[in-house]
Amino acid sequence: MAETTVVKPIRAIAWPATDTSDWALVQQCARGDELACAQLVTDHQRMVYTLALHLLGDAQEAMDLSQEVFLRVFRTLTQFRGQSTLRTWIYRIVVNQASNRQRWWRRRHRSQQVGLEDHVAHHGELTELRLFAAPERVLEQRETVDRVQAALAQLPFDQRAAIVLREIDGLSYDEIAEALGVAVGTVKSRLARARGSLRIVLART
Amino acid sequence: MSRCDSIRRDLSAFVDGELSVSRRPRVARHLDQCAECTEYMRELLELGDHLRGASVEREAQYPAFDSLASSVISRARAESAMSWRARMTHACDDWHWAIVASGSLAATFVSTLLVSAILTFGPAPEREDSLSALMANLGAPQGMLFVCATPTGTNQDATLFQIENGQPAASRMTTALAEMVCRPVSEADVTGKLALAVTAASGHAVSLDTMHPAQRKYIEGLLTEIQRMRATQFPAVSRDLAVHEVRLVTGLAVVGKAL
């Protein structure tokens, strides 16, 4: 009987998710303390840049987006009530900004876009994938990075965001749901689909 | 759907340790028996390693973040300091708002001008029987002006005066009324005049309907006078005139205002 006992977390009781040091930092920033603002940027810049880089795939774009994200954070800091952690709240801003930017980019360059299938038909398999397809060869680290990035770039934005937040940032499903603004069940299915697609792309021979 | 497919749907959450406690034993039992699904799980774990490994490699190529904080803060500072100017510039960049603003200003200016012009140069909305209209008539006569007044202090009846305003003297029938009230006349005199007026040469009474409008007006005036004589009593207190009525007679139509 003991095996069938299910312990479920109680969601009705919500304690403030933000820890005290983060909350104090937010309060100082909201008052316009520039040192505190600089501290907030320094504390989170690597995390923001990493997510931006994985979502957009371009270093310069990622740096621009990081600036935009922190500006947005400071503009909307008064709306932060501490229901989620500061980190999750910033992740959410990164995802939203990256999504907007990508939508804008896609609209602007729709006419110039070429589908992956068309590209392969005209130019043969992508370089990264060809390299991955030769397991006997010792791949250089740079090639591995490009290969993974290319595989990630082929995923739909929502799945890419979910897999990056899980595998690289190590967020729990609850935190990912918070950052993406979706239900935990959706996170679960997006991750399963993303992993299925990545496995196929990276194993393609 | 095979059992393996159903298990693999849960495998992603299983490797993350996020699968519900109730479903874990089923997946674990299946993995013990199925080599393919175990391989699948190994690939999923390897995939995570690949992603994290690539990310770590990539971090080595990260640019220096030295200037990020300072540039963000200076942009935020500039944004808050220049917010009004920025908003104005933005509004002017988008000419839409500038056009709306100048259009509404111009519309307000034109309508103010129009209303002012109408108020200044337009016709004064004035009642023709108002006191100021009567006073204006003295300067630019449009008819004969009579004043009915009582010399107080005597027993005289009310007297009708014609005011000199440039108009010719009143016609015979009009002045007959004036003479009648100017001189103290008895009720019998007026009654006699009325009897003469309503009696034809044949000795029969003339119907009011067949009379000439001027004749009829005269008779109505006589009747009014008789009525007034019978109804009014004037106390004799002083010699001042007590004005009862001002009448403006244009032709035979009378417009007036009681004072």
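Start where the two chains meet: select the residues of chain B that touch chain A. In this predicted model, 29 residues of chain B are in contact with 34 residues of chain A. To see where chain B's side comes from, colour helix 1 (3-15), helix 3 (35-59) and helix 4 (66-81) of chain B, since each of them supplies at least two residues to it. Which helix gives the largest share of that side? Pick helix 3 of chain B: it brings 12 residues. Now colour the touching side of chain B by residue class, and you'll find 14 nonpolar, seven polar and eight charged residues.

Next, show the whole of chain B. Follow the cartoon from the N terminus and you'll pass α-α-α-α-α-α-α-β-β-α-α-α-β-β, which adds up to 10 helices and four strands. How much of chain B is buried? Buried residues make up 12% of its 259 residues. Then look at how chain B folds back on itself: of its contacts with a separation of 6 or more, 58% are between residues 24 or more positions apart.

Hop over to chain A and select helix 8 (residues 157-168) together with helix 10 (residues 184-203). These two pack at an angle of about 95°, and their axes are 9 Å apart. Angles of 65 to 115 degrees count as roughly perpendicular, so that is how helix 8 of chain A sits relative to helix 10 of chain A. Turn on side chains for the contact: helix 8 of chain A offers A:Asp158, A:Gln159, A:Ala162, A:Ile163 and A:Arg166. Facing them from helix 10 of chain A are A:Val187, A:Arg190, A:Leu191, A:Arg193, A:Ala194 and A:Arg195. Coloured by class, this helix contact shows five nonpolar, one polar and five charged residues.

Stay on chain A and switch to colouring by confidence. The average pLDDT of chain A is 78, with 72% of the residues scoring at least 70. Where in chain A is confidence highest, and where is it lowest? Helix 8 of chain A, which you just visited, is highest at 94, while helix 6 (residues 127-132) of chain A is lowest at a mean of 46.

Two last selections on chain A. Residues 10-14 of chain A have a pLDDT below 50, and this stretch has zero contacts in the model beyond near neighbours in sequence. Residues 125-134 of chain A also stay under 50, yet here the model has 15 contacts beyond four places in sequence. Where pLDDT is low, don't read the predicted coordinates in detail.

Notes:
Residues numbered from 1 in each chain as written. Chains lettered and ligands numbered in written order. Predicted model: local features only at pLDDT ≥ 70, side-chain atom pairs only at ≥ 80, totals over all residues. Axes fitted to C-alpha atoms, helices over the stretch in contact; angles between N-to-C directions. Parallel < 35°, antiparallel > 145°, perpendicular 65-115°, else oblique. Contact = placed C-beta atoms within 7 Å. Nonpolar A, V, L, I, M, F, W, Y, C, P; charged D, E, K, R; others polar. Buried ≥ 20, exposed ≤ 12 C-beta atoms within 10 Å, placed from the backbone. pLDDT = per-residue confidence, 0-100.
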